[in-house]
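Me: I'm new to this structure and don't know where to look. Could you pick one residue with an unusual backbone, take me close up, and then walk me outward from there?

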Amino acid sequence: MNCFSFLFGRRKSPRKGIPDADDELSSIHNVKLYTYKELRTATEDFIPVNKIGEGGFGCVYKGRLKDGKIAAIKVLSAESKQGVKEFLTEINVISEIKHDNLVELYGCCVEEDHRILVYNYLENNSLAQTLIGGSQSNIYFNWRTRCKVCIGIARGLAFLHEEVRPHIVHRDIKASNILLDKDLTPKISDFGLAKLIPSNVTHVSTRVAGTIGYLAPEYAIRGQLTRKADIYSFGVLLVEIVSGRCNTNTRLPVEEQYLLERTWELYERRELVGLIDTALNGDFDVEEACKFLKIGLLCTQDAPKLRPSMSTVVKMLTGKKDLDDNKITKPGLISDFMDLKVRGDQKKPDTTITSSNASSGSDNLDNSALLSGNTSAGTFNFTTLYDRSI
Ligand SMILES: Nc1ncnc2c1ncn2[C@@H]1O[C@H](COP(=O)(O)OP(=O)(O)OP(=O)(O)O)[C@@H](O)[C@H]1O
Ligand SMILES: [Mg+2]
């Protein structure tokens with residue numbers, strides 16, 4: 001049984017690619033609609049061998065579309081409570097957003113309660129499966145490639161934050177959401193998805209170890225979601241790319257387990273160079289690599305207002321703007337606020353998040369993201385997508 005039939009069961013034959021009401025389509029201009037039958041054919045009936053991944057939104061399959069294009073087909077696992085029109089309105093917004101460093105949405109399928117997104121397929125997987133996390137990928141990321149990846153991600157995010165109107169907060173910037181094309185050009189995936197699934201279903205996936213390490217403290221604890229939270233996540237990613245290390249690694253000695261903490265420590269000791277990936281075999285521009293690490297620290301500062309905008313980050317990464325070394329303050333770390341325990345639950349696939357402060361009844365933690373909703377499943381309940389705060 002594929003993941004789709006498991007979730008929704010067998011269905012009557014749906015009307016081909018046509019949403020429930022005819023007028024639903026009138027306001028939608030740019031979205032290509034695929035029939036469920038076409039996507040079934042493309043993925044050979046969603047057979048497991050075509051499944052390329054699974055995340056907080058559902059299963060992703062590789063498929064060949066009728067026109068010969070290879071696509072990544074994402075079957076949203078939660079039955080959307082949104083009507084067809086609301087869903088298509090959101091999709092319409094996403095499909096209008098095009099940039100070299102953003103994954104392209106080809107279209108979607110909205111037959112009955114199927115909600116499926118069809119994306120451009122990226123050949124070289126994600127940063128999580130290649131550079132970070134010690135996988136067996138045979139891609140070698142030399143220093144120039146790493147620079148291109150960092151700058152590309154920064155450009156894509158600057159575009160979402162500053163050029164798209166209204167501005168879009170990605171809210172889940174992390175290594176698994178950075179896909180790589182055949183030339184290793186980075187493409188940010190999953191932007192604009194927050195509104196597509198019901199608010200009681202988690203869409204900040206806690207399944208993948210390390211997700212928590214990307215969350216800005218003010219977002220994780222107080223639910224304050226602004227562009228500055230994305231900038232924090234970007235900063236973490238930047239340090240991961242330069243060091244070739246995942247933000248959290250519990251197999252390392254205690255003092256080295258948290259990458260940001262380690263980065264700050266080495267920065268204070270003026271030993272940042274010690275963090276640069278040894279896999280580069282010394283073949284990198286030391287000054288530039290240390291500058292990237294410092295930009296990572298600038299982006300992860302505890303006070304959101306001290307973090308630079310993404311367009312400023314692009315300028316600093318590309319050498320068009322100097323960075324003031326003396327301005328860097330200590331990174332915000334969730335462990336500074338509360339003792340978060342993250343433990344894998346044997347029975348449930350999701351990681352469990354608990355807090356030692358959870359029972360303290362502290363008022364200022366009442367609306368904490370980590371404490372809201374169902375903590376045993378690590379549920380996050382935010383639907384804010386557009387940031388008008390800055
Ligand atoms: N457009 C794509 N091209 C190639 N592979 C893709 C594409 N989209 C997703 N994938 C693969 O599917 C995997 C799962 O993606 P998905 O976005 O569902 O989960 P995730 O990124 O791991 O977590 P989250 O749900 O929090 O975003 C990715 O890690 C990637 O390997
Ligand atoms: Mg993803």
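Reply:
**A close look at Asp 190**

Asp 190 has 25 C-beta neighbours inside 10 Å, so it counts as buried; the cut-off for that label is 20 or more. Keep in mind as we go that this is a predicted model. You'll find Asp 190 in the loop between strand 8 and helix 5, which covers 217-222. What makes its backbone worth a look is phi, near 70°, a positive value in a residue other than glycine. Most residues other than glycine have a negative phi.

Now step back along the chain into strand 8, residues 186-188, where Lys 187 sits. Is Lys 187 buried or exposed? It counts as buried, because it has 22 C-beta neighbours inside 10 Å. Setting aside residues within four places in sequence, Lys 187 is in contact with Asn 101, Leu 102, Val 103, Leu 122, Leu 179 and Asp 181. Another spot to find on screen is Ser 126: it is 61 residues from Lys 187 in sequence, but their C-alpha atoms are 9.1 Å apart in space.

That sort of link across the sequence turns up in the chain's totals too. Take the contacts between residues at least 6 apart in sequence: 67% of them join residues at least 24 apart. The chain has 10 helices and 10 strands, and 42% of its 390 residues count as buried.

Next, try the loop between helix 4 and strand 7 (178-180), which is home to Pro 166. Here the oddity is in the peptide bond: Arg 165 and Pro 166 are joined by a cis one, with omega about -15°. Most peptide bonds are trans.

From that loop you can move into helix 4, residues 143-163, which packs with helix 9, residues 310-317. Two packed helices are described by the angle between their axes and the distance between the axes. For helix 4 and helix 9 the angle is about 155° and the axes are 8 Å apart. Angles over 145 degrees count as roughly antiparallel, so helix 4 and helix 9 are roughly antiparallel to each other. Their crossing is left-handed. On the helix 4 side, the residues that meet helix 9 include Cys 150, Ala 154, Leu 157 and His 161; among their partners in helix 9 are Met 310, Val 313 and Leu 317. By class, this contact has 9 nonpolar, 2 polar and 2 charged residues.

Which residue in helix 9 leads us onward? Let's take Met 316. It is buried, because 21 other C-beta atoms lie within 10 Å. Leaving out neighbours within four places in sequence, Met 316 is in contact with Ile 295, Lys 321 and Leu 323. Met 316 and Ile 295 are 21 residues apart in sequence, with 7.7 Å between their C-alpha atoms.

Ile 295 belongs to helix 8, and it is one of the residues there that meet helix 6. So let's follow it across. Helix 6 (residues 227-243) and helix 8 (residues 286-299) have axes that come within 7 Å and cross at roughly 155°. That makes helix 6 roughly antiparallel to helix 8, and this crossing is left-handed. Helix 6 brings Ile 231, Tyr 232, Phe 234, Gly 235, Leu 238, Val 239 and Val 242 to the contact, while the helix 8 residues include Ala 289, Phe 292, Leu 293 and Gly 296. Sorted by class, the contact has 12 nonpolar residues, 2 polar and no charged ones.

Two more stops lie earlier in the sequence. Phe 46 is in the loop between helix 2 (36-42) and strand 2 (51-55). Phe 46 isn't a glycine, yet it has a positive phi of about 55°. It counts as buried, since it has 21 C-beta neighbours inside 10 Å.

The last stop is Lys 74, in strand 4 (residues 70-76). An unreviewed UniProt entry places the feature "binding site" at Lys 74. Lys 74 is buried, because 25 other C-beta atoms lie within 10 Å. Not counting residues up to four places away in sequence, Lys 74 touches Phe 57, Gly 58, Val 60, Ile 116, Leu 117 and Tyr 119.

Key:
Residues are numbered from 1 along each chain as its sequence is written. Chains are lettered from A and ligands numbered from 1 in the order in which they are written. This is a predicted model: local features need pLDDT of at least 70, side-chain atom pairs count only at pLDDT 80 or more; totals for chains, interfaces and linings use all residues. UniProt positions are given in the numbering used here, feature names are shortened, and annotations may be inferred rather than shown by experiment. Helices (H or I, at least four residues) and strands (E, at least two) are DSSP runs, numbered from the N terminus. A residue is buried if 20 or more other C-beta atoms lie within 10 Å of its own, exposed if 12 or fewer, and partly exposed in between; C-beta atoms are placed from the backbone. Two residues are in contact if their C-beta atoms, placed from the backbone, lie within 7 Å. Axes are lines fitted to C-alpha atoms, for helices over the stretch in contact, and angles run from 0 to 180 degrees between N-to-C directions. Angles under 35 degrees count as roughly parallel, over 145 as roughly antiparallel, 65 to 115 as roughly perpendicular and the rest as oblique. A crossing is left-handed if the near helix is turned anticlockwise from the far one by less than a right angle, and right-handed if clockwise. Ala, Val, Leu, Ile, Met, Phe, Trp, Tyr, Cys and Pro count as nonpolar, Asp, Glu, Lys and Arg as charged, and the others, Gly among them, as polar.
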